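Here is a short report on one buried site and one sheet. Read it alongside the sequence and the model.

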Amino acid sequence: MREHPKILVVDDEEAIQSFVAAVLSRAGYEPKEASTGSEALDLAETAQPDAVILDLRLPDKSGLEVCSELRRWYRGPILVLSGLGDEATIVAALDRGADDYLTKPFRSEEFLARLRALMRRAAHDDVQETVIGVGALRIDLRTREVQVNGEDVHLTRTEFDILAHLASNRDRVVTSESLLRAVWGPHHGEYAQTLRVHVGHIRKKIERNPSEPEYVLTALGVGYRFYQPD
């Protein structure tokens, strides 16, 4: 990771763009700014940013299109920062390849925390992990063993597959659709209603308080996020 990571900020509202750039600069990042989708795609190729902050309302093409085009080659984090907060739009952005979604207006502290989490995850993407340890929870992806406070926890095959997929994408919102596809494959329609039940069983087995989970969090109306604190 560079000493001053480059962050591409894509927003056609000059006030928002300037504000986000200032927040990034104060936090030690090097912002690169684009006001259109075409400009963003060109700048992403030339500047090779470490992350992209993307608005969805752009004058020449939608942010969803930009996200899809970026994902043809760009592997870094994409954080959508948009005034559009409806469930369908959030799900569409995540399914197009965005890693997280923050609705305007937003707090700069939360924005930076989300960005740090995404960049931390990206820094580990090239490292093949076999064991994921978060707090009291330990997940061995090779042996398919799970422990909480050193004690073995028995998960069914499906429960383990769900937990492993979420943990491998920690600090990232995973849509229900993509989770179903990852665990049950392309013909997953009949399992959609049982996903919530499986998640409930996982929480009962690994969480101190299943009604207030620390690890497997719900992204309301979208999917789930496996939380790893800084």
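## Lysine 104 and a four-stranded sheet

Lysine 104 is buried, at 16% relative accessible area (buried means under 20%, exposed over 50%, partly exposed in between, with a 1.4 Å probe and protein chains only). This is a predicted model: local features need pLDDT of at least 70, side-chain atom pairs count only at pLDDT 80 or more, and totals for chains, interfaces and linings use all residues. Residues are numbered from 1 along each chain as its sequence is written, and side-chain values use heavy atoms, leaving out hydrogens and water.

Lysine 104 sits in the loop between strand 5 (100-103) and helix 5 (108-124). Helices (H or I, at least four residues) and strands (E, at least two) are DSSP runs, numbered from the N terminus. Leaving aside residues up to four places away in sequence, lysine 104 touches Asp11, Glu13, Ile16, Asp55, Leu81, Ser82 and Gly83 (contact: heavy atoms within 4.5 Å).

Now the sheet. Four strands form an open sheet, in the order 6-7-8-9, with antiparallel pairing (pairing needs at least two DSSP bridges). Strand 6 (131-134) and strand 9 (151-153) are the edges; each has a single partner strand, so one side of each lacks a neighbour in the sheet. Strands 6 and 7 (residues 137-140) pair over 4 bridges. There, valine 134 stands opposite leucine 137.

Two helices lie across this sheet. Angles run from 0 to 180 degrees between N-to-C directions, with axes fitted to C-alpha atoms, for helices over the stretch in contact.

| Helix | Strands crossed | Angle |
|---|---|---|
| Helix 6 (residues 157-168) | strand 6, strand 7, strand 8 (145-148) | about 105 degrees to strand 7 |
| Helix 8 (residues 195-206) | strand 7, strand 8, strand 9 | about 50 degrees to strand 8 |
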